[in-house]
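This report goes through a protein model and its bound ligand, moving from an annotated span to the charged pairs and then to the surroundings of the ligand.

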Amino acid sequence: MRRKATSWSPILAYGVSLTGTERWSAAPRTSVQLLGAFLSWRGAPDGCRCRQSGSKNVRWLKASVRQRHQPSGAEARPAQPLVITTPLFYVNAAPHMGSAYPTMACDALARYHRMQGRAVRFITGTDEHGEKIAQAAAAAGRTPQEHCDLVSGEFRALWAKLNISYDRFIRTTSANHAAMVMTFMERVLQRGDIYKASYEGLYCTGCEEYKDPKELVEDTQCPLHLKRCEQRAEENYFFRLSRYQAQVEALLANDDFMRPAERRNEVLSWVREGLRDFSVSRAKNPWGIPMPNDASQTIYVWFDALLGYLTALFDEDEPPQLEKVEERGWPAHVHVLGKDITRFHACYWPAMLHSVGLNAPQQLFSHGFLTKDGMKMGKSLGNTLDPHALVDEFNADAVRYYFLRGIEFGRDGDFSRDRFIQIVNAELANSVGNLLNRTLNLLKRHNNLSLPVVAPSAHPLADLTRTCTAEAAAAYEKLDFSGAAEALMRIASEANSFIDHEAPWTKLRNPETKSEAFAVLAVILEAVRVLGVALWPLIPETSERMLRALCYPVAGPGEVASTAAAFVPSWHDTEWNARRDLLQPGVRFRTPEPVFPRLE
Ligand SMILES: Nc1ncnc2c1ncn2[C@@H]1O[C@H](COP(=O)(O)OP(=O)(O)OP(=O)(O)O)[C@@H](O)[C@H]1O
């Protein structure tokens, strides 16, 4: 089969245009990276040139992907990863609690799947082009690139503070991403899905989209950003979204494609009104990637940003190759996103993918909003909650736990400081932390911090643990984090009732009942061990402290907060008595220290 190489001239032209024009001052790094990527890519030894689209080639690509999957010597790659993505966050302003919210959820999901022994690629990052960014940079007296570097760094710093174990942080101003966007757009052009036309409408810069007048509130205001939309007329390139009406409708008719169901129904009824072609270029925004066929227009920020999910399937120092995305885990297992950006993901994105012969993501999860006084917290409205302040005042696990446990994922939720303190203290400090602490202290006082017996296999608490961990696993699988926590808290609550009922502290004082007391403590420690393992996706630091206390080979304190989690407990360890090697006579536990501080 004849393989045609991608035309590199637009990429090179873009790099050169950035280095040679006024944009150089705005984006020197992008230009250099872009040229560097181009040169190193062209110099790559094998198979790095992109192939043209067309069904024959797609079949060829799929066959070649399958072929490459045969483990043969140096070509063999690990199993395709499960791809989990957060939205790529717009860097118009610093991250806030709303930005952290889906990221904490994806982190919990990624950790859960890793515990199941699955290869995971957890992708997050920043969306850095567009008019809103250029305006924010100008307002702050920075070049757009300086602005993006700064704010993108703030996202990464916050992710580190919240123990977000991402595998790849993608920035849409990176050279590799520009190359991916160019290749993708060229394919769409070749497919005949792009045409030029004039457009007139009401534009919201906050959403970076033309709005349907029906969606607007009083005085042509965007309901999310509470700003008047601007009347604009432009000649732009349009994507033939209408051509994919049947495919998008069929996708959305599938229950599994999008959750929660009510959000899927909303989008489906919007799609049934008829998809309209959308403009994918801007004539007046220099802060973007130029159209490969017309350097006077830049690619619409949403078209560019969605492709970040594909670029991120490759490492930062690897040239992304469209023909290899399937072997890198595409289609994504799940895109997690806010309900404000559902249409882009549920309609535009699958159609764009279809245009180049790729499958839609397997699932979209559209979560609810964190609100303040009933309004969505957002960077544009400035009504945000500062996650740094919350983590500094309390701790990362408290923040993770409250938002994942206290608000049903998929629904809106208001932040309440009292409720935050009440939930975290009741469940983490008292029910779980205190249970472990008092059990270990009894063993310290009465048996040199070790157990003289193992927990029996048959016990009501063992039965409950089996039921609840199975429920928690099913809940994690469907991103029901509050359901998972709730199931696990039933174990903690029952273990507390059991210890209070048995009162081992009294039995330990009497030689005749001492062995009975130790049997109770063995059961409790076993239940706490299971909790320590099963809570890891939600509260990794606390979980690791609990497991370290029970002699798990966990990294030392302070080493927990790594982005690439070094210690991954196995979900198999949630089975009752799965670690008899650790919880057995002769093993001396560590001196008890409170695993979770009470919040004031
Ligand atoms: N209040 C919020 N509640 C829950 N998630 C949010 C909230 N705000 C932002 N997000 C998450 O961040 C994603 C991307 O948001 P974006 O980067 O546009 O930030 P934003 O704060 O909403 O910005 P703006 O206010 O300028 O629209 C959303 O789709 C959602 O997943």
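In this predicted model, the C-alpha atoms at the two ends of residues 213-440 lie 64 Å apart, and the span is 38% helix and 18% strand. The UniProt record, an unreviewed entry, annotates these residues as "domain: Methionyl/Leucyl tRNA synthetase".

**Salt bridges**

Side chains of opposite charge can pair when their charged atoms come close. The structure holds 30 salt bridges, and three of them are set out in the table with the separation of their N and O atoms.

| Pair | N to O distance |
|---|---|
| Arg191 and Asp193 | 3.9 Å |
| Arg411 and Glu262 | 3.1 Å |
| Arg490 and Glu486 | 3.9 Å |

The pair of Arg411 and Glu262, with its closest N and O atoms 3.1 Å apart, ties together parts that are 149 residues apart in sequence, because Arg411 lies in the loop between helix H15 (396-406) and strand S16 (413-414) while Glu262 belongs to helix H10 (residues 261-272). Arg411 counts as partly exposed because its relative accessibility is 42%, and Glu262, with a relative accessible area of 35%, is partly exposed as well.

The pair of Arg490 and Glu486 has another setting: both residues lie in helix H18 (residues 481-502), where they are 4 residues apart, about one turn of the helix. Arg490 is partly exposed at 32% relative accessibility, and Glu486 is also partly exposed, its relative accessible area being 40%.

Is each partner in the pair of Arg191 and Asp193 buried or partly exposed? Arg191 has a relative accessibility of 39% and therefore counts as partly exposed, whereas Asp193 has a relative accessibility of 0% and therefore counts as buried.

Beyond these pairs, salt bridges also link Asp107, Arg111 and Arg400 in a network.

**Surroundings of the ligand**

Which residues are the closest to the ligand among the 23 that surround it? They are His96, His225, Lys376, Met377 and Ser380. Sorted by class, the shell around the ligand has 10 nonpolar, 9 polar and 4 charged residues. Among the elements that contribute to this shell, strand S1 (82-90), helix H5 (97-115) and strand S12 (334-338) each supply at least two residues.

Several contacts can be described at the level of single atoms. From His96, a polar side-chain atom lies 2.6 Å from an oxygen atom of the ligand, and from Lys132 a polar side-chain atom lies 2.9 Å from an oxygen atom of the ligand. At Met377 the backbone takes part instead, with an N or O atom placed 2.6 Å from a nitrogen atom of the ligand. Taken alone, the ligand exposes 590 Å², and the protein buries 96% of that area.

**A buried position in helix H5**

Helix H5, which supplies at least two residues of the shell around the ligand, is also the place of Ala110. At a relative accessibility of 0%, Ala110 counts as buried, since the cut-off for that class is under 20%. Computed along the chain in residues, how far apart are Ala110 and Phe409, and what is their separation in space? The two are 299 residues apart in sequence, while their C-alpha atoms are 16 Å apart.

Notes: Residues are numbered from 1 along each chain as its sequence is written. This is a predicted model: local features need pLDDT of at least 70, side-chain atom pairs count only at pLDDT 80 or more; totals for chains, interfaces and linings use all residues. Side-chain values use heavy atoms; hydrogens and water are left out. UniProt positions are given in the numbering used here, feature names are shortened, and annotations may be inferred rather than shown by experiment. A salt bridge is a side-chain nitrogen of Lys or Arg within 4 Å of a carboxyl oxygen of Asp or Glu. Buried means under 20% relative accessible area, exposed over 50%, partly exposed in between (1.4 Å probe, protein chains only). A residue is near a molecule or strand if one of its heavy atoms lies within 4 Å of it. A polar contact is a pair of N or O atoms within 3.5 Å; within protein, one must be able to donate a hydrogen and the other to accept it, and residues adjacent in sequence count only if both atoms are side-chain atoms. Accessible areas come from the Shrake-Rupley method with a 1.4 Å probe; for residues, only the protein chains shown count as cover. Ala, Val, Leu, Ile, Met, Phe, Trp, Tyr, Cys and Pro count as nonpolar, Asp, Glu, Lys and Arg as charged, and the others, Gly among them, as polar.
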